[in-house]
Structure formats: structure tokens, C-alpha cells
Amino acid sequence: MFEKKENNADMAKHKLSDYGSLCDSELIGLCVQKDENAFSELVVRYEKFVYSVVFAELKNSDDAFDVSQEVFIRLYNAAGGFRCES
């Protein structure tokens, strides 16, 4: 499902400003290697979406913010075990 466009060594050479041009699957590949800049880009892309989904369920902005943070923390901690097999 995910196409590999560059090898990991090439992707690691991206400058911080280049992360915005990477697709999600490339960013996830970098996150598996604990690349914090790639993870930050994913957070920027999805933080509003995650917050809105959580807020729709909880109906409390403070709780939604806390849960959204927890979602991203758990995602970062679990990234090392992710396998692009689907």
C-alpha cells in the first residue's frame, strides 16, 4: 500500500523545511526511526483533526486538549513497533 520513494538514508538527509513536502507514509517511516522533526510535521498536520474528534466526544475543551496530547504521546512511543505491511 505504501510506496517507498526514497531509501531511509536519503530521507534522513531532509532539512526541517523539507518535511512539509513528504507524504504521510514517508513521515511515518522516519517516525519509526524516532525522527522528531517528522513526528512534529505529523502533529501539525493532524492536531486539529484529532482535537475535533476528541472534543466532539468529550464536549470539554480542556479535556479534549489533554486527551489529544495523550494520543500523540502514545503514537510517538508506539512508532518504533509500526510495520508498513498493509
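**Helix packing and salt bridges in a predicted four-helix chain**

The structure holds 0 disulfides, a disulfide being a pair of cysteine sulfur atoms within 2.5 Å. This is a predicted model, in which local features need pLDDT of at least 70 and side-chain atom pairs count only at pLDDT 80 or more, while totals for chains, interfaces and linings use all residues. Residues are numbered from 1 along each chain as its sequence is written, and side-chain values use heavy atoms, with hydrogens and water left out. Two cysteines can be set side by side here: Cys 23 is partly exposed at 26% relative accessibility, whereas Cys 31 is buried at 3%. These words follow relative accessible area (buried under 20%, exposed over 50%, partly exposed in between; 1.4 Å probe, protein chains only).

The overall layout comes next. The chain has 4 helices and 0 strands, and its elements run α-α-α-α from the N terminus on. Both kinds of element are DSSP runs numbered from the N terminus (helices H or I, at least four residues; strands E, at least two). Of the 86 residues in the chain, 27% are buried. Among contacts (heavy atoms within 4.5 Å) with a separation of 6 or more, 32% join residues 24 or more positions apart.

Helix α3 deserves a closer look. With 23 residues, α3 has end C-alpha atoms only 29 Å apart, short of the 33 Å that a straight helix would reach at 1.5 Å a residue; the expected span is 1.5 Å times one less than the number of residues. A kink of about 50 degrees is also found in α3, centred on Tyr 46, where the bend is the angle between axes fitted to the seven residues ending at a position and the seven starting there. The buried residues of this helix are Ala 38, Phe 39, Glu 41, Leu 42, Val 43, Val 50 and Val 54, and their cover includes α2 and α4. Val 53, also in α3, is partly exposed at 46% relative accessibility. Its C-alpha atom is separated by 8.7 Å from that of Ala 64, 11 residues away along the chain.

The nonpolar interior draws on several of these elements. The largest nonpolar core has 15 residues, of which Tyr 19, Leu 27, Cys 31, Ala 38 and Phe 39 touch the most other members. Such a core is a set of buried Ala, Val, Leu, Ile, Met, Phe, Trp, Tyr and Cys residues joined through side-chain atoms within 4.5 Å. At least two residues of this core come from each of α2, α3 and α4, with α3 giving the largest share, 6 residues. In soluble globular proteins, nonpolar side chains tend to be buried together. Ala 38 shows some of the packing in detail: leaving aside neighbours within four places in sequence, Ala 38 is in contact with Tyr 19, Leu 27, Leu 30 and Cys 31.

Charged side chains complete the picture. A search of the whole structure finds 3 salt bridges, each a side-chain nitrogen of Lys or Arg within 4 Å of a carboxyl oxygen of Asp or Glu. In one of them, Arg 45 pairs with Asp 24, the closest N and O atoms being 2.6 Å apart. Arg 45 lies in helix α3 (residues 36–58) and Asp 24 in helix α2 (residues 24–32), so this pair ties together parts that are 21 residues apart in sequence. Both partners are partly exposed, Arg 45 at 29% relative accessibility and Asp 24 at 26%.

Arg 45 also meets Glu 41 in a salt bridge (3.0 Å, N to O). These two residues are 4 apart in helix α3, a separation of about one helical turn. Glu 41 counts as buried, at 19% relative accessibility. Beyond its neighbours within four places in sequence, Glu 41 is in contact with Tyr 19, Gly 20 and Leu 27.

The remaining pair joins Arg 74 and Glu 70, with the closest N and O atoms 3.0 Å apart. Here, too, about one helical turn separates the partners, which are 4 residues apart in helix α4 (residues 61–78). Arg 74 is exposed at 58% relative accessibility, whereas Glu 70 is partly exposed at 35%. Through shared partners, salt bridges join Asp 24, Glu 41 and Arg 45 into one network.
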